[in-house]
Amino acid sequence: MTSFEQLGIGTSVMKALKEIGIESPFPIQESSIPLILKGMDVIGQAHTGTGKTAAFSLPLITRIRSKGTIQALILVPTRELAIQVTNEMRKFARYTGTRIVAIYGGQRINLQIDQLRKGAQIVVATPGRLIDHVKSGSIQLDDVNYVVLDEADRMLDMGFIDDIKFILFYVNEDRQTCLFSATMPPEILRLSREYMKDPKEIRLNEDELSLETINQSYLIIDEREKFKHLCNLIKSSEKKQTIVFAATKIRTQRLAEDLKHHGFRVITIHGDLSQKQRDHSMSRFRTGNEDILVATDIAARGIDIPAVGHIINYDVPDNPLIYFHRIGRTARAGGSGQAISLVSKNRFEDFSRIMNHTDQQIKRLNDEMGIEIPQIQSYSGRTNIRRYNEYNRYNRHSNGNTRYRRYGSRNGENREYRRKTYPAYRNYARQ
């Protein structure tokens, strides 16, 4: 088996890896690291939880100078991912002298400016807040030689494509650019053709979106029966940590309150929480102080909590890819886990599309649990009423199928108005 040392990782980084207990590379790391060390542009595609962060972090930390101005820029879609990637990179760089700073909305910009003044060689940033710094002059990108777009498909889903192009305009054209993503939609490939130089593509398991180590199942029930079955599933989860995904912020908060009323230890994370509240929630869940995290899809990408044993989809997502991103929060780094979906009869068609996107078995639990299958409602040939109402609610001032919206959250990402399509806005607004 190839070692990190054989791949070309530096001595100081190797010392940190040994202390952390990371001994051998995952496939995405083994394929990517030599190419990045050679200065090549790389497109890396692999499932969540398979080591993409280390795949780009280790060679960058090995290559950059430990002193001087900002040399590497990592763009990520969410503040949670910015914090996570920064913490991971700091572990790898602990003996190199390299300083890594996280830049994201929701945190006081003056605090970030103070950190930048102390010097940084690597910046991990969400696009909107980075643009704020670039426009105010607190960040200079002139000496950036390495750019990484992490969770690139998620950034496109959230409507960050124009911001990414704005940022890359200010970076040296001779830079090395790497793009990592769990999926490879056509928009990603168009972006790579425009901004990357003869990129080397590494695609692992691209045809199979689900993870073989996740035991997937579903239960078809009436909507009013969901909460009862949720409680029963949590009680039978062998005290493993559980993430419960709900469709909206209001539903998430209400569900968490109901679970607390039934004696469960619950924490929430959604878009209405401040950064301090989100950090507090993630910290308590990560350290095991709370057993259950109830979340919107804001937590479905990039959050790495190894102890999560169960994912419960309280609401079926509209997009099949969101389903796979959700269940990817368990079975991290070669582990195993369970994913159970509570499918109400009016969402069965949505779940059928999910099943059509995977060759892995998704087991129906109704028979073994002795639960009668309710009559399935078909929405073929007509608009789903819930989606139609949601579309109108967010597009009252639209022109065609687009609208101008404030970019970022109320307390932060970017204060410009930009023209975005309805799907991007809908996904953003619901988190």
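**Close-up views of a predicted model**

The protein has 18 helices and 16 strands, taken as DSSP runs numbered from the N terminus (helices H or I, at least four residues; strands E, at least two). This is a predicted model, in which local features need pLDDT of at least 70, side-chain atom pairs count only at pLDDT 80 or more, and totals for chains, interfaces and linings use all residues. Residues are numbered from 1 along each chain as its sequence is written, and side-chain values use heavy atoms, with hydrogens and water left out.

**View 1. Helix α12 and its two faces.** Spanning residues 249–261, α12 has 13 residues and reaches 19 Å from its first C-alpha to its last, close to the 18 Å expected at 1.5 Å a residue; that expected span is 1.5 Å times one less than the number of residues. Its buried residues are Thr252, Leu255, Ala256 and Leu259. They cover an arc of only 100° around the axis, which puts them on the same side of α12; the arc is that of the directions from the helix axis to the C-beta atoms. An α-helix has 3.6 residues a turn, so residues three or four places apart point the same way. Turned away from the buried side, the other face carries the exposed residues Ile250, Arg254 and His261. Here buried means under 20% relative accessible area, exposed over 50% and partly exposed in between (1.4 Å probe, protein chains only).

**View 2. The surroundings and ends of α12.** Look for α11 (226–235), β9 (241–245), β10 (266–269) and β11 (292–295), against which the buried residues of α12 pack; contact means heavy atoms within 4.5 Å. At the N-terminal end, Thr248 caps α12, with a side-chain oxygen 3.2 Å from the backbone nitrogen of Arg251. After α12 comes Gly263, whose phi is positive, near 90°.

**View 3. Gly309 in strand β12.** Gly309 is found in β12, residues 308–313, and counts as buried at 7% relative accessibility. Leaving aside residues up to four places away in sequence, Gly309 touches Lys240, Gln241, Thr330, Gly337 and Gln338. The C-alpha atoms of Gly309 and Ile243 are separated by 8.6 Å, though the two residues are 66 apart along the chain.

**View 4. Two non-glycine residues with positive phi.** Glu151 has a phi near 50° and sits in the loop between β5 (146–150) and α8 (152–157). Asp198 has a phi of about 45°, in the loop between α10 (186–195) and β7 (200–203). Glu151 is buried, at 4% relative accessible area, whereas Asp198 counts as exposed at 58%.

Key:
Polar contact = N/O pair within 3.5 Å; in protein donor to acceptor, adjacent residues only side chain to side chain.
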